[in-house]
Amino acid sequence: MPSPGSARSGLGLLLGTAAGLGFLYALYRQRWKRTQRHGQNQLLPNSLDVTQTSEPRRQVRPLRAAPGEAGDAAVLPSLPPEGQEMVLDRLDFVLANLVALRREVEELRGGLQGLAGQIVGEFRYTTANAESDYERDSDRETEDGEDEASCETVKMGRKDSLDLAAEVASGPVPRALEADGSPGLEDVLPLLLQADELHQGGEQRKREGFQLLLNNKLAYGSRQDFLWRLARAYSDMCELAEEVSEKKSYAQNGKEEAEAALEKGDQSADCHQWYAVLCGQLAEHEGIQKRIQSGFSFKEHVDKALALQPENPMAHFLLGRWCYQVAHLSWLEKKTASALFESPPSATVEDALQSFLKAEELQPGFSKAGRVYISKCYRELGKNSEARQWVKLAMELPDVTSEDSAFQKDLEELEVILGHYPHFSGLHDLRNSTT
C-alpha cells in the first residue's frame, strides 16, 4: 500500500499536470481565435520558420522555440480548422476528467480525515465505558483491595489507547534509549511501578506480578532494574510453590536472572539483596557442602547491599538471619566448613540480635519473623522479660511471608515456655525435660 507521502506527491504531480494542460489549452485557444480573426492558416507568429524545398508542393516546417507571451513553453504548428476543433474537443474532454478527478480526490481526503476522527472517538468511547463499568462494579466489590488494581489497569488501558490515537494522528515519535541500546526509563517506568505494587500484595497479586514481568522480558530484559525485579518475582514464586521440585526450579531460575542483573553493574543494592535471597532459597535444596558455599555467597552479597544502602531494613534482617543460622550450625556443618575454607563462617546470637533490632529500628513492624527471631535471641541470652515482650509484639503482626506462617508454631511454643517455664534457657531444655 502506498505511503501517505507518496500518495500526496502523486496527487500533486497530477494536479500540476492538469494545471499546465489547462494553461496550454487556454493559450492555444486564444491564439487560435486570433488566427481565425486575421484569416491566417499559417504558423502562429514567431513560432515556426517555413522553408521551401526543391520538391514541389512540399514544405519543411522546423519547430523552434519562440519567446511568445509570459508562461509560454512551446508553440504548436498550425492546423486546419477541423484539426484544431478536434484538438480543442480532446482538450475539453481531458480537462473535464481532470476536474472530476480532483473533486473525487478532495472527497477522498475529507473521508479519510473523518475516518481518523471516528477512530479516535471510538478509542475514547470504549475506554471511557470500560472505566465507567468498572466504577459501577467496584461499588459491589470490596475483597482484599483487588478492585483498586483492576481500576489502575483500566486507567492504564485508557491512557495507552489515547496515546495510541495521538500517535496515529501525529506520526511515530522516537523513544529515548539508554547508552547500551535498551529502552529508556521513561518507557519502562510504569511497568516497574506496577511490578513493585503487585509484589507488595497477597498471593494472587504476586502471581500476577510474576506473569507481568515474564510477558515483558523480551522487551525490557536488557535493563538491570527489570532483571532484579524478575529475580524477586521468582523468589516470590519459590515461596508460594508447594512442591519441592517447583521451589528449586524457581530458585534456580531466579538466581540466574539476578546474576544477569549483576552483570549489568555491581552498584545496585537490590541486585545484591535478591541474589543473596535466591542463594539462600536454593541452598535449602542442596547438600551440606553446597549449602555452606551458598552461605558464603549469601553473606558477601548482603554485605555489599548494606554498603550501598545502609538504611535498608531487609538487608539487616537478612544479615541477622545469616548470623543466627551460623550461630546454630551443627557439629558436622562446622567441620565441613572448616575443611572447605581457611576461615569458616563465624557469628553469634548477639550479632544476630543486633541486626534484627536494627531492621526493627529502621522500620517498626518490618517483619513478623524478625520479631520472632528477636524473642528467640533474647531467650537464648537469658533475657526472658525482653523475650516475652517481643513475643507479644510478634503476635500483633499478620503473616505476610511463608516464613511468618512457618514461625507461628515457634511463636506459640515460646509463649508457653516464657509463661510457664521462665527458668528454662530454651526449647531444647523443654524437650529434654519431657524425655
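## Exercises: charged pairs and nonpolar cores

Both Asp225 and Arg223 are buried. The model is predicted.

**Exercise 1.** Find what joins the side chains of Asp225 and Arg223.

*Solution.* Start with the cut-off: a salt bridge needs a side-chain nitrogen of Lys or Arg within 4 Å of a carboxyl oxygen of Asp or Glu. The N to O distance here is 2.8 Å. So the pair counts as a salt bridge. The structure holds 15 salt bridges.

**Exercise 2.** Work out how Glu300 and Lys304 are placed in their helix, and whether they are buried or exposed.

*Solution.* First, the helix: both residues belong to α10 (residues 288–308). They are four residues apart, so about one helical turn separates them. Next, the bridge: their closest N and O atoms are 3.3 Å apart. Last, exposure: partly exposed lies between 20% and 50% relative accessible area. Glu300 has 40%, so Glu300 is partly exposed. Lys304 has 35%, so Lys304 is partly exposed too.

**Exercise 3.** Repeat the task for Glu361 and Lys358 in helix α13.

*Solution.* The helix spans residues 349–362, and the two residues sit three apart, about one turn. Their side chains form a salt bridge at 3.9 Å, N to O. Glu361 is exposed at 56%, whereas Lys358 is partly exposed at 26%.

**Exercise 4.** Describe the largest nonpolar core and name contacts of Phe317.

*Solution.* This core has 45 residues. Phe317 and Phe356 are among those with the most contacts inside it. Helix α11 (residues 313–327) gives the most, nine residues. Farther along the sequence, Phe317 touches residues including Phe356, Ala359 and Tyr373. A second, separate core has 19 residues, among them Leu212 and Phe226.

Note on methods. Residues are numbered from 1 along each chain as its sequence is written. This is a predicted model: local features need pLDDT of at least 70, side-chain atom pairs count only at pLDDT 80 or more; totals for chains, interfaces and linings use all residues. Side-chain values use heavy atoms; hydrogens and water are left out. A nonpolar core is a set of buried Ala, Val, Leu, Ile, Met, Phe, Trp, Tyr and Cys residues joined through side-chain atoms within 4.5 Å. Buried means under 20% relative accessible area, exposed over 50%, partly exposed in between (1.4 Å probe, protein chains only). Contact means heavy atoms within 4.5 Å.
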